[in-house]
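Dear colleague,

I am handing over the structure we spoke about, with the sequence alongside, and below I have set out what was found in it. Please keep the two open together as you read.

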Amino acid sequence: MPRYEFRCRACGDTFEVNRSMAAAGEPASCPQGHADTVKLLSAVAVTGRSGAAGGGPSPAGGGCCGGACGC
């Protein structure tokens, strides 16, 4: 189930809520009971298959994709 991050405008607390994608736009109360919250935009990082930082070829070699596909 997707996890959404919210911030409370009253106390500044940041918290996460697990809910279905269909319910993603519904309001959420903060753990302190305040109702004035805003859903935060989350950034997702996508890395290569090896997960190596720097964007270069993987340690296994094999070109740009790190496999034996000959690309």
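Thr37 has its place in strand 3, and please bear in mind from the outset that this, like everything that follows, is read from a predicted model. With a relative accessibility of 16%, Thr37 falls under the 20% cut-off and therefore counts as buried. A polar atom of the Thr37 side chain lies 2.5 Å from the backbone oxygen of Ala28. Leaving aside residues up to four places away in sequence, Thr37 touches Phe6, Arg7, Cys8, Arg9, Phe15, Ala28, Ser29 and Cys30.

Turning to the sheet, three strands form an open arrangement in the order 2-1-3, with antiparallel pairing. Strand 2, residues 14-18, and strand 3, residues 37-39, stand at the edges, and because each has a single partner strand, one side of each is left without a neighbour in the sheet. From one strand to the next, the twist averages 35 degrees.

Strand 1, which covers residues 3-8, runs antiparallel to strand 2 and is joined to it by five bridges. Within this pairing, Arg7 has Thr14 of strand 2 as its bridge partner, while Tyr4 stands opposite Val17, also in strand 2. The hairpin made by strand 1 and strand 2 has five residues between the strands, and Gly12 takes a positive phi there, near 85 degrees.

Which side chains of strand 2 are buried, and which are not? They alternate along the strand: Phe15 and Val17 point to one face and are buried, whereas Thr14, Glu16 and Asn18 point to the other face and are not buried.

Both of those buried residues, Phe15 and Val17, belong to the largest nonpolar core, which has eight residues and also takes in Tyr4, Phe6, Cys8, Ala24, Ala28 and Cys30. Strand 1 and strand 2 are the elements that give two or more residues to this core, and the largest share, three residues, comes from strand 1.

Cys8, one of the core residues, is worth a look on your screen for its contacts: not counting residues up to four places away in sequence, Cys8 touches Asp13, Phe15, Cys30, His34, Asp36 and Thr37. This leads back to the starting point, since Thr37 has Cys8, Phe15 and Cys30 among the residues that it touches, and Ala28, whose backbone oxygen lies 2.5 Å from a polar side-chain atom of Thr37, is itself listed in the core.

With best wishes

Definitions and conventions. Residues are numbered from 1 along each chain as its sequence is written. This is a predicted model: local features need pLDDT of at least 70, side-chain atom pairs count only at pLDDT 80 or more; totals for chains, interfaces and linings use all residues. Side-chain values use heavy atoms; hydrogens and water are left out. Two strands pair if DSSP finds at least two bridges between them. Helices (H or I, at least four residues) and strands (E, at least two) are DSSP runs, numbered from the N terminus. Axes are lines fitted to C-alpha atoms, for helices over the stretch in contact, and angles run from 0 to 180 degrees between N-to-C directions. Buried means under 20% relative accessible area, exposed over 50%, partly exposed in between (1.4 Å probe, protein chains only). A polar contact is a pair of N or O atoms within 3.5 Å; within protein, one must be able to donate a hydrogen and the other to accept it, and residues adjacent in sequence count only if both atoms are side-chain atoms. Contact means heavy atoms within 4.5 Å. A nonpolar core is a set of buried Ala, Val, Leu, Ile, Met, Phe, Trp, Tyr and Cys residues joined through side-chain atoms within 4.5 Å.
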